[in-house]
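Trainee: I am new to this structure and would like a careful look at one part of it. Could you take me through that part slowly, once I have it in front of me?

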Amino acid sequence: AEAYGHICAYSCVRVDTVTGAPTVDHWKPKEQYPDDAYEWDNYRFSCLTMNRRKGLDETLCDPFEVRDEWFLLDLVTFGLSPTPGLPEKLRCQVRRTIDVLELDLPPMRRRRERAWARFKGHPSRHTWKVLVEECPLVARQYVRQRGMPPEAQPP
């Protein structure tokens, strides 16, 4: 949990009561790959909800390989989609990841929106830091699309 900053590898939000208890997902399911069950590079810190949704699925995007530019966050609706222009195979994999993990359903949208609202309601370096710690996806997507907010920058 500390190595991941308590951020779920799949939802990219801090693990809390909304996302479920902290767990460790075996990227390569231990049922099919028993020899990898205790390999550190097979572990992904995850909230219980995402771990259950992922299950034994090996077709999703591996959080260790995901790039910010693969996903597009709508900064008004907080909806998540594949970035336009991705190669077809990657676009389908990103879409499948979003769908299987239910990353674009209202509860996840609301979770991202709440994290943003705390910063927007009281913009400062401190509340930006909290946003980065609570929901790094929103912070990274904001910077990617609009640049660093002036309130978040040092004086």
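Before we turn to the last helix, H5, how many helices and how many strands does the protein chain have?

Mentor: The model is a predicted one, and in it the protein chain has five helices and four strands. Followed along the sequence, these elements come in the pattern β-β-α-β-β-α-α-α-α. The radius of gyration of the protein chain is 16 Å, close to the 15 Å that the globule rule gives for 155 residues, so the chain is as compact as a globular protein of that length. Along the principal axes, the C-alpha atoms fill a box of roughly 50 × 35 × 25 Å, and buried residues account for 43% of the 155 residues. Of the contacts between residues at least 6 apart in sequence, 60% join residues at least 24 apart.

With that background, we can look closely at helix H5, which covers residues 136-146. Its buried residues are Pro136, Leu137, Val138, Ala139, Gln141 and Tyr142, and they pack against two strands, E3 (71-73) and E4 (80-82), as well as against two helices, H3 (106-121) and H4 (125-134). A general point helps in reading such a list: an α-helix has 3.6 residues a turn, so residues three or four places apart point the same way.

Gln141 is a good residue to pause on, since it is found in helix H5 and has a relative accessible area of 1%, which is under the 20% cut-off and therefore counts as buried. Leaving aside residues up to four places away in sequence, Gln141 touches Asp68, Phe71, Leu72, Leu73 and Leu75. After the helix comes Gly147, whose phi is positive, near 90°.

Helix H5 also has a part in the largest pocket, where it supplies four residues, the largest share of the lining. That pocket holds about 360 Å³ of space and is lined by 22 residues, of which Ala9, Tyr10, Cys12, Val66 and Arg140 lie nearest its centre. Sorted by class, the lining has 15 nonpolar, three polar and four charged residues.

One of the helices that the buried residues of H5 pack against is H3, and Arg109 has its place there. Arg109 has 26% relative accessibility, between the 20% and 50% cut-offs, and so counts as partly exposed. Although Arg109 and Phe78 are 31 residues apart in sequence, their C-alpha atoms are 5.2 Å apart in space. Phe78 is also among the residues that Arg109 touches, together with Thr77, Gly79 and Asp104, when residues up to four places away in sequence are not counted.

For a second view of burial, we can compare a strand. In E2 (residues 43-47), five of the five residues are buried, so this strand is largely enclosed by the rest of the structure. In general, the side chains of a regular strand alternate between the two faces of the sheet. In E2, Tyr43, Phe45 and Cys47 point one way, while Arg44 and Ser46 point the other way, and all are buried. Strand E1 (residues 22-26) runs antiparallel to E2 and is joined to it by five bridges, with Pro22 having Cys47 as its bridge partner in E2.

Technical notes:
Residues numbered from 1 in each chain as written. Predicted model: local features only at pLDDT ≥ 70, side-chain atom pairs only at ≥ 80, totals over all residues. Heavy atoms only, no water. 1 Å grid on protein atoms, 1.4 Å probe; cavity = no way out; pocket = protein on both sides within 12 Å on 5 of 7 lines; lining within 4 Å. Points joined across faces, edges and corners; volume = space filled by probe spheres on them. Nonpolar A, V, L, I, M, F, W, Y, C, P; charged D, E, K, R; others polar. Buried < 20%, exposed > 50% of the residue type's maximum accessible area, 1.4 Å probe, protein only. Pairing = 2+ DSSP bridges. Rg over C-alpha atoms; globule rule 2.2 N^0.38 Å. Contact = heavy atoms within 4.5 Å.
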